[in-house]
Amino acid sequence: MRPTLTWTPTGVAAPCTTELTEVVRVVGEGGVVVLSGAGLSTESGIPDYRGEGGTLRRQAPMTHQEFVNSEDGRRRYWARSHLGWDVFSRARPNDGHRAVAALRRRGHLLGVITQNVDGLHQAAGADGVVELHGSLGRVVCLDCGHNSSRWALQQRLRAANPGFSADVTQLNPDGDVELPEHLVREFRVVSCAACGTGVLKPDVVFFGDSVPRRRVERCRRLIDEAAAVLVLGSSLAVMSGLRFVRQAASAGKPVLIVNRGETRGDAHAVLRVDRPLGAALTELAERLGCPVADADVLR
């Protein structure tokens, strides 16, 4: 995956509306797989990459190659992530997440595939969530493979960098923030606590990396079993998500999209609803008799 700002429209656009009638009908019949993207979490204060204020318009995100091959790149990432984590981890599910959880509880959704790494679907009480790009709440050692909690790493980074602070003005989708280089150079990165020397990486798929094969196959099976696919808040700009839309469309399964603005998957969709996600999904859940409860699961 390369950071993709734009794509070339196919010239075949999905019918666009603000009405939810067809979405209500399809979801009401059940067997729907949700494919969610960053647009679902913007109402929780987590920015997206490609929206009107998307961060790709200002900077390139961390890539797998830079993280793996550059000690300076890793220091930059962890310094920025160390300060960003306190803000990122305070994000809470919004009405869109709660609506998806309610629809899942009532049996309308076969499962949820999310491109997001924020854990907000689970925090809203949804089960059956496949985290396509991993989770910022986990850390993996690139040497020994040990998995650990991001919370535990935060405590170790804090101990290794007492007094390290800066004003946080802009959170990025990766959970990091902007920092001046002189602060980055002062930051001390810690090694794996299990093996003592291993390089620690957030358990996410950076740009330039590949989604683990088993995870991809799990998603393919979900799409095979689905009656329809509902895309929520994704531009589908990268192939990791778009391929499942293409898979569903090739099998003759309806693809419906709720997103602010055009997506790369419009040519494969029967309909795109252009509305804010929180309000649209709350209406969808209510019309299907699914009460949208407050999130009661904390990360």
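This passage describes the confidence, the internal cavities and one unusual backbone position of a predicted model.

Across the chain, the mean pLDDT is 90, and 90% of the residues reach a value of 70 or more. Two stretches fall below 50, one of them being residues 54-58 and the other residues 295-299. For residues 54-58, the model contains 21 contacts beyond four places in sequence. The stretch 295-299 has 18 contacts in the model beyond its near neighbours in sequence. Where pLDDT is low, predicted coordinates should not be read in detail.

Within the structure, two cavities of 30 Å³ or more are present. The largest cavity encloses about 40 Å³ of space. Its lining is formed by Tyr77, Trp78, Ser81, Trp85, Phe88, Leu136, Arg150, Asp174, Gly175 and Pro202. The greatest contribution to this lining comes from helix H3, which spans residues 71-88 and supplies five residues. By character, the lining of the largest cavity comprises six nonpolar, two polar and two charged residues.

A further feature concerns the backbone at leucine 236. This residue lies in the loop that connects strand S8 (228-232) with helix H9 (239-250). Leucine 236 adopts a positive phi of about 55°, although it is not a glycine. Most residues other than glycine have a negative phi. Leucine 236 is also classed as buried, because its relative accessibility is 1%, and the limit for that class is under 20%.

Methods: Residues are numbered from 1 along each chain as its sequence is written. This is a predicted model: local features need pLDDT of at least 70, side-chain atom pairs count only at pLDDT 80 or more; totals for chains, interfaces and linings use all residues. Side-chain values use heavy atoms; hydrogens and water are left out. Helices (H or I, at least four residues) and strands (E, at least two) are DSSP runs, numbered from the N terminus. Buried means under 20% relative accessible area, exposed over 50%, partly exposed in between (1.4 Å probe, protein chains only). pLDDT is the predictor's confidence in each residue, from 0 to 100. Contact means heavy atoms within 4.5 Å. On a 1 Å grid over the protein atoms alone, a cavity is a set of points where a 1.4 Å probe fits but cannot get out, and a pocket is an open set with protein on both sides within 12 Å along at least five of seven lines; lining residues have an atom within 4 Å of a point. Grid points are joined across faces, edges and corners, and a volume is the space filled by probe spheres set on the points. Ala, Val, Leu, Ile, Met, Phe, Trp, Tyr, Cys and Pro count as nonpolar, Asp, Glu, Lys and Arg as charged, and the others, Gly among them, as polar.
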